[in-house]
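Q: I'm new to this structure and would love a guided close look at the interior of the chain. Could you walk me through what is packed inside, and then show me what surrounds it?

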Amino acid sequence: MNIHNNILYGLLTAGCVSISAALPASGALTADDYCSPKLSAPAAIKEMRPLADGETFAALSDNGRAIEVFSYRTGEKTGTLFSLDGVKGDIKIDSFDGYEISANGKKILLWNNSKKIYRYSFTADYYVYDILRSTLAKVSEKGPMRGATISHDGRMVAYQRDNNLFISNIDYKSDKQVTEDGKLNEIIYGTPDWSYEEEFGVLNTMRWSADDSVLAFMRFDETQVPVYSFDEYGYYKGDNSETPLYPESFSYKYPLAGYPNSKVTVLAYNVDNRTTKEMDLPVDGKYVPSLEFDGGGKNIMAMVLNREQNHLDLYKVNPASTVAHKILTETSDAWLTPETYQMVKYYSTSFVIASERTGYRHLYEYNYEGNLLRTITSGDWNITDYYGKDDKSGVHYVQNTMKGAINRNVAAVDRGGKVTLLNNEEGTESASFSSNFRFYVRKYSSASIPPRYTVCDNKGKLLKNLELNESYAAKYASAPRMEFFTVPNAEGELMNAYVILPSDFDASRKYPLMMYQYNGPDSQLVLNSWKMDGLYYIASQGYIVAAVDGRGTGNRSRKWASAVYKRLGQLETADQIAGARAIASRPYVDASRMACFGWSYGGYMTLMELSASNNPFKAGVAMAAVTDWRFYDSIYTERFMQTPQQNQSGYDEASTLNKTNDMNARLLIMSGTSDDNVHFYNTLRYTSKLNYEGKIFDMFVMSGFEHSLRMTNARTQLYRKVLDFLNKNL
């Protein structure tokens, strides 16, 4: 249930051409204009890669056939790193899906023919481009690869195929198999299992030392992890292809709460003598959520986290001797949030890491002996991203919540700890800095302003407008708007909240209310940033749409988030109902016509609320809902609940299956049959219990669709169904 995916956004090519959705020729906004991810998305700038000189960046050409170089200062094109049309030699390709530039800037790793595995992972064909010679070399002729990573000097590529690890030497055209016992659903080398990818955001564990003499990587033994299987029915794509008579079956290792996890080990391969050693780390029954080399590129920095995820040790490991030295320990009386301890950067003589030890997330600098050198930030606010340090000035650049939890601002922190906001606007601001921190690309939006992309210097001074989304803003000028306020929770504490009002809102009228929620631990819905999705479509059809961030949600105090520890669903339900009642007290809301709607954890919240004794809702919609935490994956669930063996009463109280008898509103429950995250089984178990108890409900099943519904017209259909259900029941 990992809802975060940090994607490096990029600069535009010359002339500031952007990637944008087509605008309608005329007429009112349609359901697709609101709900379709393709049509409702604002213009975005192309992916950038800061180059080593600090003055330039790389970006794709307009036609996607070249990687070009541009100046930060002027935005003008200054050169070309790679072009499909300029490749010399016998090996040529027609397209590429992505690229990685070697650290020395002499080679480019390219890939194409990508095929998705899970949410983020994929297999592909990989090539290395020699910038000086303009030639391509295929990394391997033996089939698709996963997780390929190029060495600093560009001469070698490490990758995984069929669960084994290989190293291809481009110069010598050799392909060395490093491991032998990799096997599907048993042993994985180099890339993670499903759980690490989904819940720790780990996509690749292969790391090169600075001199490329050592490759560190992880081994996952998932032999004891139970197999999860479900039928793949497929979905109609409009191609009139022949429908198979038998559905396919999809099987993979998925550890439920309390069941065996993958056993992990950290290994180091010496390229020169071709030997592999296991690092001496206490990893039995534990996780390794982060694996990197230190700033000098010599020692392995491995984080070891206990299964309860409330005790983290950071080790410095010598890959030659395998000896590990513990240099930092972090503990919590609840859980340690991955976004916190993975907010780490290793420098030549020290490293910076985040901690919530004071009750708020802040940055701390240590030397490699584990001694605290300085507290970089402090205060009753949170660091939400760490961009890095300018080595010359010693200034650190961060994103923070100094202007309140619903806002994000980029700031500079000087050697004395003074924090200076680079722009003092409320809203959501993020940055992508040049390699020398002299420039950054600023992305800014608010609830009323679509994303704006500009280039600024490191003082926040505007240098160039890249994309202001003016035509997009005009398209949605008549769309509903979001307003922020606070309401009391079940204990009288103030919660951040928003309402989306219909475009033709009339305060003298009474409107039905739809409460939208997620409310998973450390999550956040009420954020002052641009969004245009199906919720706005619902509002455009005459509904008040509202949301509150109750206890358990993130980016406030640690106390606020950890209140739900070991008792998921209880305080969140109370706060959501309190928020709904507070909003329903407004004169323009018809308190007799209220519904709730949630997706994933929010779908779980819908089921909990409809079964609450003080339920104020006439109807509810649950999409891809967890119905019992025993059905969900170990890493996410145990982080907040421990195991079912440790916390049986907590699991029993949190189970919607134990509350169906009290469900006292009309329900629409929805799911995709190919959801590898929150399995369709959750929905089937819940509806089976409702059937047994003689309850009437509505069900909407999407064949072949996964958790986020990004395929075809799925999202439009989902919100059209939600609207139809609300119209019939409210």
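A: Happy to. This is a predicted model, and the mean pLDDT of its chain is 94, with 96% of the residues reaching 70 or more. One stretch calls for caution: over residues 3-26 the pLDDT stays under 50, and the model has 71 contacts beyond four places in sequence for that stretch.

Let's start with the nonpolar interior. The largest nonpolar core has 46 residues, and Ile538, Phe597 and Leu718 are the members that touch the most others. Helix H13 (residues 714-729) supplies the largest share of this core, 7 residues. A second, separate core has 40 residues, including Val214, Ala268, Val288 and Leu305. To get a feel for the packing, pick out Ile538. Leaving aside neighbours within four places in sequence, Ile538 is in contact with Met514, Tyr543 and Val545, and also with Tyr719, Val722, Leu723 and Leu726.

Next, find helix H9, which spans residues 601-610. Because 10 of its 10 residues are buried, H9 is largely enclosed by the rest of the structure. The buried residues of H9 include Tyr601, Gly602 and Gly603 at one end and Met608, Glu609 and Leu610 at the other. Glu609 is worth a pause, as a charged residue listed among the buried ones.

Two residues of H9, Tyr601 and Tyr604, lead us to the aromatic rings. Ring pairs link Tyr601 and Tyr604 into a cluster with Trp335, Tyr518, Tyr565, Trp629, Tyr632, Tyr636 and Phe640. In total, the structure holds 49 aromatic pairs. One of them joins Tyr472 and Tyr476, with 4.8 Å from centre to centre and 50 degrees between the planes, so the pair counts as tilted rather than stacked (under 30 degrees) or edge-to-face (over 60). Both partners are buried: Tyr472 has a relative accessible area of 4%, and Tyr476 has 0%.

Rings also meet charged side chains here. The charged end of Arg49 sits over the ring of Tyr99, 4.1 Å from its centre. Arg586 lies over the face of Phe485, at 4.0 Å from the ring centre.

Now move to helix H10 (residues 634-641), where you will find Ile635. Ile635 has a relative accessible area of 0%, which means that it is buried. Not counting residues up to four places away in sequence, Ile635 touches Ser195, Tyr196, Glu199, Phe200, Tyr287 and Gln309. Take Tyr287 as an example of how the fold brings distant parts of the chain together: Ile635 and Tyr287 are 348 residues apart in sequence, yet their C-alpha atoms are 9.3 Å apart in space.

Finally, look at three strands that follow one another along the chain. Strand S5 (residues 98-101) runs antiparallel to strand S6 (residues 107-116), and 4 bridges join them. Within this pairing, Gly98 stands opposite Trp111 in S6. The hairpin of S5 and S6 has 5 residues between the strands, and Gly105 takes a positive phi near 75 degrees there. On its other side in sequence, S6 is joined by 8 bridges to strand S7 (residues 122-130), again in an antiparallel arrangement. A hairpin of 5 residues connects S6 to S7, and Ile108 stands opposite Tyr129 in S7.

Conventions. Residues numbered from 1 in each chain as written. Predicted model: local features only at pLDDT ≥ 70, side-chain atom pairs only at ≥ 80, totals over all residues. Heavy atoms only, no water. pLDDT = per-residue confidence, 0-100. Contact = heavy atoms within 4.5 Å. Phe/Tyr/Trp six-rings, centres within 6.5 Å; stacked < 30°, edge-to-face > 60°. Buried < 20%, exposed > 50% of the residue type's maximum accessible area, 1.4 Å probe, protein only. Lys NZ or Arg CZ within 6 Å of the ring centre and 35° of its normal. Pairing = 2+ DSSP bridges. Core = buried A, V, L, I, M, F, W, Y, C linked by side-chain atoms within 4.5 Å.
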